[in-house]
Amino acid sequence: ALRGTARAFNIERTGVHHALQWSSSPHDDPMRFMRYRLALYVTWMQGAHEINTEEGLWHMEECYFSHHRFSHAAKEHLKMQQDFSRYVATHQRRGYLRTKVGVLHGRYDGYPCFSHIVWGQSKRRFNPDFDAELSWQMPKLSFFPIDDKSWTTFKHFSHGEPFGLVSGNPRGNLDIVPVEKPIGNYGLLAFFGYNKAEKSDLDEILKAVMNGAELMLSLAHLTDTTDRDDIENYRLHFFEHEIFKYLGFDSLPEFTADSFNGTALPVAENIKADSSEIIMTTDRGRALLIEKKVGDGKIILFNTKYYPANPAIKDLYTAEFEKRADEQNSSEHTAPIGDAEIQTAVYDLENGDCEIYFIAIDWWNAPENVHKAELKVGDSIYSISLPHGIMKKAYVHGDIAVWADSESADILCESNGEFTVSGIGTEQFHIGCCGKVKTLNVDFTSKAQQIIKF
């Protein structure tokens, strides 16, 4: 959410706060130390410029007050912080964080960061399990599949278990983008939660589509209704805007009762769509899922006033979103490949090269557990081992990839097929080219930087 907003409003720096004492317990368990390590590395990987640690490891509050700064718990956390500090001091994060998919944050909505209830509301005022709020869980699970809990603090572990304090991102990265400024290098923009449509916002969205973006939404995201009772009962009002013309309407949507896979839903019966534009129909043969070519981009419309989490369309909306998100990443020349327990980030450099970061996030597994990630470079795929809690970086120039086995090593730049690398003592590097891998042991005892080539 911070990253998408910062990009939209040209804010150069963003920060995160680690609620160290309240996030999980016990505080003196090795798994807890690993969770803190991951929190540091992952937030840096994902573009944070400033990282604040609650209480600065000086003391804990209330029932954790015994963990003062000289306690075992504080000292072990400090070791994680020192490792991270050394990494940041010796490595430069460069380039533009690749994010191909943006979820549009609707006007007057509120992204539920800690639960599925929008802050400032209460169960007495409205239904927290309404479709609009539940829709926010859908992109989160599509991109961060282990993040399946609605509350991520006050978690007390009796043993290791997968829990969504941190997740892998097998589909790459995702930004939450303010609807009034849908700008950035997003190939796919998708609505999920509530949006109060306004002309200026729709104008900006249409401009993004005209310039080549794909837009995915249902008719619910085009309403200007703000009364909560009307929204929950789907009494939605629409206003005239040219987006309806591009969607195939000569007038505002007129709804009729229908069903999809046996579940009732209202659909607009006055929409016009060629058979080549219709992806899915209702049980009665009406257009339900439509793809419209608009300028250089596309609009993928669910022809119903239901929000995505409504049971009538939830599975179909999820499948279409994941399919189109996957297409965005598969079109890239260079891309990391990992499962739900591996987090990655790709930074595109101005010279056309890129740097890719990998880290295994399965803190609940034994330390000797080693994951395998993959790196796609053109038609070649390379395997990269990920030891417990160790972040690895790969540097890609054209069809050549270089990566190291340790965090102390780094790949600095490429020139005429040669790569400048740095490290401490003897470091092991791997160079991949045209599907073949060459492994080199490089000695840095006499010189901090060395040159390697395939």
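I'll start with one residue: Y317 is buried, at 0% relative accessibility. Before going on, a caution that this is a predicted model.

Y317 has an aromatic partner. It pairs with F192 edge-to-face, with the ring centres 5.3 Å apart and 70 degrees between the planes. F192 is buried as well, with a relative accessible area of 1%. Where do the two rings of this pair lie in the sequence? F192 is in the loop between β8 (188-191) and α7 (199-210), and Y317 is in helix α10 (residues 314-330), so the pair ties together parts that are 125 residues apart in sequence.

That is one of 20 aromatic pairs in the structure. Another is F244 with F249: the centres are 6.0 Å apart and the planes stand at 80 degrees, so this pair is edge-to-face too. Both F244 and F249 are buried. There is also a cluster, in which ring pairs link Y41, W44, F84, Y87, Y347 and Y357.

Two rings have a charge over them. The charged end of R93 sits over W44, 5.3 Å from the ring centre, and W44 is one of the cluster residues. K245 lies over the face of Y246, 4.9 Å from the centre of that ring.

The cluster leads to helix α4. This helix covers residues 72-90, which is 19 residues. From first C-alpha to last it reaches 28 Å, close to the 27 Å expected at 1.5 Å a residue. Which residues of α4 are buried? They are A73, A74, E76, H77, M80, F84 and Y87. As background, an α-helix has 3.6 residues a turn, so residues three or four places apart point the same way. Among the buried residues of α4, F84 and Y87 also belong to the ring cluster.

Now the sheet. It is open, has seven strands in the order β7-β5-β8-β9-β14-β13-β12, and its pairing is mixed. Which strands stand at the edges? They are β7 (174-178) and β12 (278-281); each has a single partner strand, so one side of each is left without a neighbour in the sheet. On average, neighbouring strands are turned by 20 degrees against each other, direction ignored.

I'll go through some of the pairings. β8 and β9 (residues 214-218) run parallel and are joined by three bridges. L188 has E214 in β9 as its bridge partner. β13 and β14 run antiparallel, with six bridges between them. In that pairing K293 stands opposite K298 of β14. These two strands form a hairpin with two residues between them, and G295 in the turn has a positive phi of about 60 degrees.

β12 and β13 are also antiparallel, joined by three bridges. I278 has I290 in β13 as its bridge partner. This hairpin has five residues between its strands, and G285 in the turn has a positive phi of about 90 degrees. How much of β13 is buried? Six of its eight residues are, so β13 is largely enclosed by the rest of the structure.

Two helices lie against these strands. α7 lies across β5 (101-105), β8, β9, β13 (287-294) and β14 (297-302), and runs at about 125 degrees to β14. α10 packs on the sheet, where it touches β5, β7, β8, β9, β12, β13 and β14. The direction of α10 makes about 170 degrees with that of β9.

That brings me to two serines. Is S218 buried or exposed? S218 is in strand β9 and counts as buried, at 0% relative accessibility. Leaving out residues up to four places away in sequence, S218 touches L301, F302, T304, Y306, Y307 and Y317. The last of these, Y317, is the residue in α10 I started with.

S276 is in the loop between β11 (263-268) and β12. S276 counts as exposed, because its relative accessibility is 68% and the cut-off for exposed is over 50%. From S276 to F239 there are 37 residues in sequence and 28 Å in space, C-alpha to C-alpha.

One last hairpin. β22 (residues 410-415) and β23 (residues 418-422) pair in the antiparallel sense over five bridges. C413 stands opposite T420 in β23. Two residues lie between the strands, and N416 in the turn has a positive phi of about 55 degrees.

Technical notes
Residues are numbered from 1 along each chain as its sequence is written. This is a predicted model: local features need pLDDT of at least 70, side-chain atom pairs count only at pLDDT 80 or more; totals for chains, interfaces and linings use all residues. Side-chain values use heavy atoms; hydrogens and water are left out. Rings of Phe, Tyr and Trp (its six-membered ring) pair if their centres lie within 6.5 Å; planes under 30 degrees apart count as stacked, over 60 as edge-to-face and the rest as tilted. Helices (H or I, at least four residues) and strands (E, at least two) are DSSP runs, numbered from the N terminus. Buried means under 20% relative accessible area, exposed over 50%, partly exposed in between (1.4 Å probe, protein chains only). A charge sits over a ring if NZ of Lys or CZ of Arg is within 6 Å of the ring centre and within 35 degrees of the ring normal. The expected span of a helix is 1.5 Å times one less than its number of residues. Two strands pair if DSSP finds at least two bridges between them. Axes are lines fitted to C-alpha atoms, for helices over the stretch in contact, and angles run from 0 to 180 degrees between N-to-C directions. Contact means heavy atoms within 4.5 Å.
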